[in-house]
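Student: Could you take me on a close look at one part of this protein, the open sheet and what packs around it? I would enjoy one connected walk through it.

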Amino acid sequence: MGLTPVSGLPGATRAGDIDPTLIFHYTHGATKISHDKSLAAHVGVTEAEDILNKKSGWQALAGSPDFGEIIQKKDRSEGARLAYDLFVDRILNMVGAYWLKLGGNVDALVFAGGIGEKGKELRESVVERCTCLGFAVDKTRNEGVGEQEGSVIEIGKAGQKKVLVCRTDEQVCPVTSVADLEDTKECTVRDGKTMCPGT
């Protein structure tokens, strides 16, 4: 994610990284960019932002913002297959970029968040494409993630680089980060509320 959530991977309704001039295709007849003002249609900045944030991503490609539904339909729906393949492709772009930035000094390939934790098919698709980097998925471990306890689960094959699934709590992480920054280690989280001494 960059300055806004649109930057990065495509999402449920977000475009993800795209050629920024793509939006101009919405403003000209016959989807061709032209300097002929008679072909232009008015699309305000607010509408363009709405398209990129709320009318793009999986919803636009597959008709559903639910990635679980896309996984279920990908073998019988062209749109769902496109959304799935695009997501895998964009993840691989990021893995390759970070691999180079880190000079190959990578300890593990980590899946987290809702899709990373629940998407066994996605994890397998990504790891299979990363075998050239020394990663391999153990299918039994990968399919059994939901039955395992703990916040970190190893799904890689023995003797290969680690492949991990990390369970995250996106509600608690920001609170604990702020608590660490403010050096308020006495703060606790109860029922979704931060409780600190003196408050």
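Tutor: Gladly! Let us begin with the contacts of the whole chain: of those in the protein with a separation of 6 or more, 47% are between residues 24 or more positions apart. Please keep in mind that this is a predicted model. The protein has eight helices and five strands, and along the sequence they follow the pattern α-α-α-α-β-α-α-α-β-β-α-β-β. Of its 199 residues, 29% count as buried.

Now to the sheet itself. It is open, has three strands in the order 1-3-2, and its pairing is mixed. Strand 1 (108–112) and strand 2 (152–154) are the edge strands; each has a single partner strand, so one side of each is left without a neighbour in the sheet. From one strand to the next, the twist averages 25 degrees.

The two pairings can be taken in turn. As a general reminder, strands of a sheet pair through backbone hydrogen bonds, in either a parallel or an antiparallel sense. Strand 1 runs parallel to strand 3 (residues 162–166), and five bridges join the pair. You can locate this pairing at Phe-111, which stands opposite Val-165 of strand 3, and at Ala-112, which stands opposite Cys-166 of strand 3. Strand 2, by contrast, pairs with strand 3 in the antiparallel sense, over three bridges. Here Glu-154 has Leu-164 of strand 3 as its bridge partner. Strand 3 is also mostly covered, with four of its five residues buried.

What lies against the sheet? Helix 6 (residues 120–129) packs on it and touches strand 1 and strand 3. The direction of helix 6 makes about 160 degrees with that of strand 1.

From helix 6 we can step across to helix 4 (residues 78–101). Helix 4 has 24 residues and reaches 35 Å from its first C-alpha to its last, close to the 34 Å expected at 1.5 Å a residue. Helix 4 is followed by Gly-103, which has a positive phi, near 60 degrees. The axes of helix 4 and helix 6 are 10 Å apart, and the two helices pack at an angle of about 50 degrees. That angle makes helix 4 oblique to helix 6, and their crossing is right-handed. On the side of helix 4, the contact is made by Tyr-84, Phe-87, Val-88, Ile-91 and Leu-92; helix 6 contributes Glu-121, Leu-122, Ser-125, Val-126 and Arg-129.

Those five residues of helix 4 also appear in its list of buried residues, which includes Tyr-84, Phe-87, Val-88, Ile-91 and Leu-92. The others named there are Gly-79, Ala-80, Ala-83, Val-95 and Trp-99. Helix 6 is one of the elements covering the buried residues of helix 4; the cover also includes helix 2 (57–62), helix 3 (67–73), helix 5 (113–118) and strand 1. Strand 1 thus appears in this cover as well as at an edge of the sheet.

Let us finish just before strand 2. Glu-149 lies in the loop that runs between helix 7 (139–143) and strand 2. Is Glu-149 buried or exposed? Its relative accessible area is 76%, and because that is over 50%, Glu-149 counts as exposed. Glu-149 and Arg-167 are 18 residues apart along the chain, and their C-alpha atoms are separated by 9.9 Å.

Definitions and conventions: Residues numbered from 1 in each chain as written. Predicted model: local features only at pLDDT ≥ 70, side-chain atom pairs only at ≥ 80, totals over all residues. Heavy atoms only, no water. Pairing = 2+ DSSP bridges. Axes fitted to C-alpha atoms, helices over the stretch in contact; angles between N-to-C directions. Contact = heavy atoms within 4.5 Å. Expected span 1.5 Å × (residues − 1). Buried < 20%, exposed > 50% of the residue type's maximum accessible area, 1.4 Å probe, protein only. Parallel < 35°, antiparallel > 145°, perpendicular 65-115°, else oblique. Left-handed = near helix turned anticlockwise from the far one by under 90°.
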